[in-house]
Amino acid sequence: MPGFTFQLDKSDRMTIFHHGRAIKVLKPREALKLEERMHHAPEDEQQRMMAAATGNYKRGNEKP
């Protein structure tokens with residue numbers, strides 16, 4: 001199971017989960033931008049993007 005997952009709601013807000021626990025809700029504009037960037041990215045890059053969006057870094061040296 002990947003560490004970060006996300007869910008979009010009907011109003012285009014994105015809830016980002018870390019190991020099944022909701023940790024951040026992005027506003028529609030931010031959510032749609034992030035979703036577009038993640039659309040064609042590989043899984044490991046998507047994980048880094050979600051970590052950057054939430055500010056939850058394991059060691060603090062990951063790149064967005």
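Modeller: Before you start asking, one term: a contact means heavy atoms within 4.5 Å. Also keep in mind that this is a predicted model.

Biologist: Got it. Which residues does Q47 touch, not counting residues up to four places away in sequence?
Modeller: Start with where Q47 sits, which is in helix α2. Leaving out anything up to four places away in sequence, the residues touched by Q47 are P2, G3 and F4.

Biologist: Is Q47 buried or exposed?
Modeller: The cut-off for buried is under 20% relative accessible area. Q47 has a relative accessible area of 15%, so Q47 is buried.

Biologist: Let's zoom out. In what order do the elements run from the N terminus on?
Modeller: The protein has two helices and three strands to place. Going along the chain from the N terminus, their order is β-β-β-α-α.

Biologist: Which strands sit at the edges of the sheet?
Modeller: The three strands make an open sheet, ordered β1-β2-β3, with antiparallel pairing. An edge strand here pairs on one side only, and that applies to β1 (4–8) and β3 (21–26).

Biologist: By how many degrees are neighbouring strands of this sheet turned against each other on average?
Modeller: We're still in the open sheet with the order β1-β2-β3. Ignoring direction, the average turn between neighbouring strands is 25 degrees.

Biologist: What is the bridge partner of L8 in β2?
Modeller: β1 pairs with β2 (residues 14–18) in the antiparallel sense, over five bridges. In one of the pairs, T5 is matched with F17 of β2. For L8, the bridge partner in β2 is M14.

Biologist: Which residue in the turn of the β1 and β2 hairpin has a positive phi?
Modeller: The hairpin leaves five residues between β1 and β2. One residue in that turn has a phi of about 65 degrees, and that residue is D12.

Biologist: What does R13 meet in a salt bridge?
Modeller: R13 counts as partly exposed, at 41% relative accessibility. The partner is partly exposed too, with a relative accessible area of 30%. Their side chains come to 3.1 Å, N to O, and the partner is D9.

Biologist: On to the helices. At about what angle does helix α2 run to β1?
Modeller: Helix α2 covers residues 43–54 and lies across β1, β2 and β3. Relative to β1, helix α2 runs at about 75 degrees.

Biologist: Which residues are linked in a network of salt bridges?
Modeller: D44 and R48 are four residues apart in helix α2, so about one helical turn separates them, and their side chains meet at 3.3 Å, N to O. E45 and R48 are three residues apart in helix α2, again about one helical turn, and the closest N and O atoms of that salt bridge are 3.1 Å apart. Put together, the linked residues are D44, E45 and R48.

Biologist: Is E45 buried or partly exposed?
Modeller: Partly exposed begins where buried ends, and buried means under 20% relative accessible area. E45 has a relative accessible area of 22%, so E45 is partly exposed.

Biologist: How many residues make up the largest nonpolar core?
Modeller: In soluble globular proteins, nonpolar side chains tend to be buried together. In this model, the core includes F4, I16, L34 and M50. β2, α1 (28–39) and α2 each supply at least two of the core residues. The full count for the core is 11.

Biologist: What does A41 touch, not counting residues up to four places away in sequence?
Modeller: A41 is one of the residues of the largest nonpolar core. Once residues up to four places away in sequence are set aside, A41 touches Q46 and M49.

Biologist: Last one: what percentage of the accessible surface belongs to carbon and sulfur atoms?
Modeller: Of the protein's 64 residues, 27% count as buried. The accessible surface comes to about 4,800 Å². The share of that surface belonging to carbon and sulfur atoms is 50%.

Terms used. Residues are numbered from 1 along each chain as its sequence is written. This is a predicted model: local features need pLDDT of at least 70, side-chain atom pairs count only at pLDDT 80 or more; totals for chains, interfaces and linings use all residues. Side-chain values use heavy atoms; hydrogens and water are left out. Two strands pair if DSSP finds at least two bridges between them. Axes are lines fitted to C-alpha atoms, for helices over the stretch in contact, and angles run from 0 to 180 degrees between N-to-C directions. Buried means under 20% relative accessible area, exposed over 50%, partly exposed in between (1.4 Å probe, protein chains only). Accessible areas come from the Shrake-Rupley method with a 1.4 Å probe; for residues, only the protein chains shown count as cover. A nonpolar core is a set of buried Ala, Val, Leu, Ile, Met, Phe, Trp, Tyr and Cys residues joined through side-chain atoms within 4.5 Å. A salt bridge is a side-chain nitrogen of Lys or Arg within 4 Å of a carboxyl oxygen of Asp or Glu.
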